[in-house]
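Here is a short tour of a two-chain model, written with a computational chemist in mind. Have a look at the structure first, and then we will go through the interface and two residues.

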Amino acid sequence: MKAPARGGWLGSALVLAALVALWWAASNGGWVSRVFLPTPQATWASLAEGFNFTGSGHGELAAWTRDTVARMLQGWLLASLLGVALGVLVGASAAARAWLQPMLEFIRPLPASAVLPLAISIFGLSPRMVLAVVAFGAMWPVLLATVHGLATVDARLAEAARCLQLSRAAFIFKIGLPHALPDILAGTRLALTIALIVAVVGEMIASQGGLGQAILLAARAFRASDLFAGIVLLGLIGFASNALLALAEQRLLRWQRP
Amino acid sequence: MLLLAFELYARRAAALGSDALAPVSAAVKAFAGAAMDGSLWQATAFTLGTAALGLLVGGALALAGGIALGLSPRAARMGFMTTELLRTVPSVALIPLAMLMFGFGVRMELAIVAFATFWPLLLLVQAAVRQVEPRLLEVSHVLGLSVHERALKIVLPAIAARLFVALRLGVAVALVVAVTVEIAANPHGMGYAMMIAQQSFDPALMLAWLGWIGVVGYAVNAGMLRMQQRVARRMGAAA
């Protein structure tokens with residue numbers, strides 16, 4: 001989605017402010033039970049305490065956020081590297097593609113979280129397990145994008161490479177990967193979203209310290225303000241990571257536009 | 001080709017550990033058992049039904065919202081920041097909230113599926129409406145159609161083909177989210193059955209569920225793809 005023109009920022013900020021005001025009115029006015037919908041002030045207080053802004057809290061939220069972000073990023077990096085590497089292996093040869101494509105197509109719609117029980121029984125309830133599942137789940141979009149990018153290289157480029165007697169590795173690195181780069185970047189962006197989701201689910205199930213566990217415990221203890229603080233944080237993480245990657249994408253693909 | 005998958009599977013299972021993995025034959029047996037006593041169908045029906053209902057709710061809202069935002073650039077500009085912020089909230093973050101509000105059951109899963117499918121569909125519908133031929137909209141102005149009529153008579157038919165693409169994405173998202181919710185919290189459906197199998201150290205049954213979830217996902221996706229192609233072909237013939 002394109003960013004609006006300069007004048008639009010004011011309007012959209014106003015709408016956002018109006019929504020927050022509505023939230024404030026709904027929770028303070030008692031339209032909705034406070035058990036479900038805490039007041040914005042309470043949410044802010046939970047955030048402030050969790051991050052130790054005022055010096056009165058313990059700063060657990062900061063540590064949890066760090067854990068979750070670290071897990072997400074590690075898993076995402078692993079997934080991107082593995083995805084590109086495997087994608088090149090599969091995509092570089094037509095035979096491998098024909099052999100493996102059906103299996104890939106079969107695994108792709110499988111929800112990443114469905115692998116969690118399997119991973120738990122293999123790795124046990126450990127941080128490594130969550131990381132493995134995050135990497136596994138986030139790998140598919142990258143892998144498929146790489147395969148797709150390599151498969152759609154212009155036939156004439158392939159012929160030119162053959163005339164130039166490029167080796168297969170040189171072909172992949174000089175023609176294939178640059179050609180697949182837009183696809184791969186789009187894949188990694190999707191992968192990052194998946195990584196965040198799977199990291200949170202993994203923390204919920206395997207009770208690894210992190211925001212996922214934090215909001216689950218908050219909900220079970222009916223601490224709605226802590227719950228909302230967690231949700232707000234997760235939303236911010238998602239927003240920030242998405243925006244950063246979009247920026248990186250623009251940078252990296254600048255050479256494509258004249 | 002699927003033989004290769006089977007081969008990989010069997011080899012891993014051949015080196016099987018104690019209670020982590022099971023050979024394929026045992027998984028097939030467990031699957032047959034689950035199919036016989038009806039738990040398989042019940043759980044599958046629950047998951048698919050909830051996913052479909054959630055998609056319906058989320059999709060309908062997204063359709064209305066997307067048309068409104070697509071037709072009015074000003075509304076889109078105003079809503080930009082809000083949608084961008086809310087869109088990135090991971091759907092699983094709402095699992096505890098939905099648990100708090102609805103308790104366990106259909107409604108909680110429904111709410112999360114609807115939320116998760118709403119945002120991508122909203123964006124796609126909005127993009128589709130933007131690409132409606134401007135002349136059609138001008139015609140509707142000239143004819144003096146009301147906003148309501150314009151949405152129903154001009155925009156909806158014009159974006160129908162693109163809607164199917166959006167719908168396919170929505171189905172995939174809905175299914176994934178439904179299973180995730182069941183694994184994480186909701187004690188119903190396929191995801192929960194799989195978790196229970198794992199927790200009671202029944203790897204054969206767990207693998208059976210994993211395979212079954214894969215088959216269901218694959219079948220649903222393939223079905224949607226076929227439907228999309230058919231609709232596209234018919235529309236192409238009509239135009």
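## The interface between the chains

Chain A and chain B bury about 4600 Å² between them, and 83% of that area is on carbon and sulfur atoms. Please keep in mind that this is a predicted model. To form the contact, chain A brings 54 residues and chain B brings 49 residues.

What does the rule find in the way of salt bridges across the interface of chain A and chain B? It finds 0 of them. The count of residue pairs in polar contact across this interface, with both at pLDDT 80 or more, is 0 as well.

Several helices of chain A each supply at least two residues of the side that touches chain B: α1 (6–28), α4 (94–107), α5 (116–123), α8 (168–206), α9 (211–220) and α10 (224–252). The most comes from α10(A), with 10 residues. By residue class, the side of chain A that touches chain B divides as follows:

| Class | Residues on the chain A side |
|---|---|
| Nonpolar | 43 residues |
| Polar | 8 residues |
| Charged | 3 residues |

## Chain A as a whole

Chain A holds 10 helices and 0 strands, so reading from the N terminus its elements run α-α-α-α-α-α-α-α-α-α. Of its 258 residues, 47% count as buried. Among the contacts in chain A with a separation of 6 or more, 68% are accounted for by residues 24 or more positions apart.

## Two residues in chain B

Now for a closer look at chain B. B:Thr50 sits in helix α3, which covers residues 39–71 of that chain. Is B:Thr50 buried or exposed? Its relative accessible area is 3%, and because buried means under 20%, B:Thr50 is buried. The side chain of B:Thr50 reaches the backbone oxygen of B:Phe46 at 2.5 Å. Not counting residues up to four places away in sequence, B:Thr50 touches B:Val106, B:Glu109 and B:Leu110.

B:Glu182 belongs to helix α8 of chain B, residues 147–184. This residue is buried, yet B:Glu182 has no salt bridge. Which side chain of opposite charge is nearest to B:Glu182? That is B:Arg107, 15 Å away; a salt bridge would need the atoms within 4 Å.

Leaving aside neighbours within four places in sequence, B:Glu182 is in contact with B:Phe46, B:Thr47, B:Glu109, B:His188, B:Gly189, B:Met190, B:Gly191 and B:Tyr192. B:Glu109 appears in the contacts of B:Thr50 and also in those of B:Glu182.

Note on methods:
Residues numbered from 1 in each chain as written. Chains lettered and ligands numbered in written order. Predicted model: local features only at pLDDT ≥ 70, side-chain atom pairs only at ≥ 80, totals over all residues. Heavy atoms only, no water. Helix = DSSP H or I, 4+ residues; strand = E, 2+ residues; numbered from the N terminus. Buried < 20%, exposed > 50% of the residue type's maximum accessible area, 1.4 Å probe, protein only. Lys, Arg positive; Asp, Glu negative; His and termini not counted. Contact = heavy atoms within 4.5 Å. Buried area = accessible area lost by both parts, 1.4 Å probe. Polar contact = N/O pair within 3.5 Å; in protein donor to acceptor, adjacent residues only side chain to side chain. Nonpolar A, V, L, I, M, F, W, Y, C, P; charged D, E, K, R; others polar.
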